[in-house]
Amino acid sequence: MNDLAVSGGTVADEADVIVVGAGPGGSAAAYHMARHGLRVLLLEKTEFPREKVCGDGLTPRATRQLIRMGVDTSEKAGWLHNRGLRVIGGGVRLELDWPELASFPSYGLVRTRLDFDDMLAKRAVEAGALLRTGVTVTGPVLDADGRAIGVEAKGPDREPVQYRAPLVIAADGVSGKFPLAMGLAKRDDRPLGVAVRRYYQSPVRADDDYLESWLELRSAQDRDRLLPGYGWIFGLGDGRVNVGLGILNSSSAFGRTNYRAMLTDWLNTTPEEWGMRGEANADGPILGAALPMGFNRVPHYTRGVMLVGDSGGMVNPMNGEGIAYAMESGELAAEVAVQALARPAGADRERALQAYPAELKVRFGGYYRLGGVFVKLIGNPQIMRIATKHGMPHPTLMRFVLKLLANLTDPRDGDAMDRIINGLTKVAPAV
């Protein structure tokens, strides 16, 4: 592939698709498009490997997407496998194995984003995508009709440069600067979360074969006081743990709480031998990030631009999971792009591109609507306390809850739980 652009706006060659952002969604989209023969330019503002704020835990839904990209998910390849979710709350400690399904593997994974994102970007390159790092996209190049026909950017030398393509995929994360430049603002009526996390050296907890979720967080200063939000402890298998907490905008404490101080307060209630109290075993600072949920930026396709992952607000409101949906939307965007770009420019191609938001709504619209209701309910501390107290002692009910929150069901020939969950998502009006 020749150079796709040079400074001063002179275009030397064109890509078929430009992908803005080489996170999980962008790299997945680039991989699947390149594998089908499209000329893909993947632009990333940072250099790899690079850190991202994340829990680092992957459910079977995300694991399936890795397998679809040909990633070796074996333990020999450096992955820590997990069997399911350990839930702590209401005085109960319950271990729930991932369901055995035809549609998803029965294991999850843990790996830091430092390795994970780099690996996925390399998979896209191996498939034929051209990756350019150190390139900051500043906005779209628009034609006379306001359609994106490329991007404006600044290269590693900070000189302005243009890249041209008939289709752009915005996978630039929660900031969504590219869709904002296209006039797509976030919707305030959709769920939003904030999460903070920190790494600790903790050999006692590092090799856990369950992801651990805390539904009740207590204050070290007053053990009878419940802190808002939920927490997690994920072993990384390398002597460290990823520990964090999240809080939703349905909580009265949202936006009015020092989340870093709250994380420290909660961790001071954990056993001393875990090594999560104070600074002695801390590995890096406490970092935070927003979680854009429930399609909080739409439409997901407009005027030559497709939104993927966090850029389109695709984090699951039920559990805060974003990677699986970023990668899944990236693959779907690729499938639609391949079909659309095989058609001549104009009405026929636009008709094909509109399949992307339509299919996203079918897959996730009803489920995310249920997620919005769930977020409002658990934002009420009294409801959360009652649900935890009366739900946790019932393993069968909690297995149903696990399937619902992790969005893990078989669409056909599933069990009774699958049929109930699938039925609820179908009757719920799509967001």
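Which residue in β6 is the bridge partner of leucine 85? In this predicted model, the bridge partner of leucine 85 in β6 is leucine 96, and the legends below begin with the strands around that pair.

**View 1. The β5-β6 hairpin and the turn that holds glycine 90.** Strand β5, residues 84-89, pairs with strand β6, residues 92-97, in the antiparallel sense, and six bridges join the two. Leucine 85 of this pairing is matched with leucine 96 in β6. Two residues lie between β5 and β6 in the hairpin, and glycine 90, which sits in the turn, has a positive phi of about 60°. Strand β5 is mostly covered, since six of its six residues are buried.

**View 2. Strand β14 between its pairings with β5 and β17.** Strand β5 also pairs with β14, here in the parallel sense and over five bridges. Two positions illustrate this register: leucine 85 stands opposite leucine 211 in β14, and valine 87 stands opposite serine 213 in β14. With strand β17, residues 230-235, β14 pairs in the antiparallel sense over three bridges, and serine 213 stands opposite tryptophan 232 in β17. Serine 213 thus has valine 87 as an opposite residue as well as tryptophan 232.

**View 3. The two covered faces of strand β14.** Five of the five residues of β14, which spans residues 210-214, are buried, so the strand is largely enclosed by the rest of the structure. On one side the buried residues are Tyr210, Glu212 and Trp214, while Leu211 and Ser213 are buried on the other, so that both faces of the strand are covered.

**View 4. The open sheet of β9, β10 and β11.** Three strands make up this open sheet, in the order β9-β10-β11, and their pairing is antiparallel. Strands β9 and β11 (160-164) stand at the edges with a single partner strand each, so one side of each is left without a neighbour in the sheet. From one strand to the next the twist averages 30°. Strand β10, residues 148-154, is joined to β11 by five bridges, and the two run antiparallel; alanine 153 stands opposite valine 161 in β11.

**View 5. Glycine 139 in strand β9.** Glycine 139 is found in β9, which covers residues 136-142. What is the relative accessible area of glycine 139, and does that value make the residue buried or exposed? The relative accessible area is 7%, and because buried means under 20%, glycine 139 counts as buried. Beyond residues up to four places away in sequence, glycine 139 touches Val151, Glu152, Phe178 and Ala181. Glycine 139 and valine 151 are 12 residues apart in sequence, and their C-alpha atoms are 5.8 Å apart in space.

**View 6. Helix α2 and the elements its buried residues pack against.** In helix α2, residues 60-68, the buried residues are Pro60, Arg61, Ala62, Thr63, Gln65 and Leu66. The buried residues of α2 pack against the strands β3 (57-58) and β7 (108-110), and also against the helices α3 (113-127), α6 (323-341) and α8 (355-378). Glycine 70 follows α2 and has a positive phi, near 75°.

**View 7. The second largest pocket and its lining.** About 600 Å³ of space lies in the second largest pocket. Its lining has 23 residues, and those that lie nearest the centre of the pocket are Arg61, Val362, Arg363, Pro411 and Asn422. Helices α2, α8 and α11 (416-427) each supply at least two residues of this lining, and α8 gives the most, with seven residues. By residue class, the lining of the second largest pocket divides into nine nonpolar, six polar and eight charged residues. Arg61, one of the residues that lie nearest the centre, is also among the buried residues of α2.

**View 8. Arginine 35 in helix α1.** Arginine 35 has its place in α1, which spans residues 24-35. The relative accessibility of arginine 35 is 48%, and the residue therefore counts as partly exposed. Arginine 35 and glutamate 126 are 91 residues apart in sequence, whereas in space they are 9.1 Å apart, C-alpha to C-alpha.

Terms used. Residues are numbered from 1 along each chain as its sequence is written. This is a predicted model: local features need pLDDT of at least 70, side-chain atom pairs count only at pLDDT 80 or more; totals for chains, interfaces and linings use all residues. Side-chain values use heavy atoms; hydrogens and water are left out. Buried means under 20% relative accessible area, exposed over 50%, partly exposed in between (1.4 Å probe, protein chains only). Helices (H or I, at least four residues) and strands (E, at least two) are DSSP runs, numbered from the N terminus. Contact means heavy atoms within 4.5 Å. On a 1 Å grid over the protein atoms alone, a cavity is a set of points where a 1.4 Å probe fits but cannot get out, and a pocket is an open set with protein on both sides within 12 Å along at least five of seven lines; lining residues have an atom within 4 Å of a point. Grid points are joined across faces, edges and corners, and a volume is the space filled by probe spheres set on the points. Ala, Val, Leu, Ile, Met, Phe, Trp, Tyr, Cys and Pro count as nonpolar, Asp, Glu, Lys and Arg as charged, and the others, Gly among them, as polar. Two strands pair if DSSP finds at least two bridges between them. Axes are lines fitted to C-alpha atoms, for helices over the stretch in contact, and angles run from 0 to 180 degrees between N-to-C directions.
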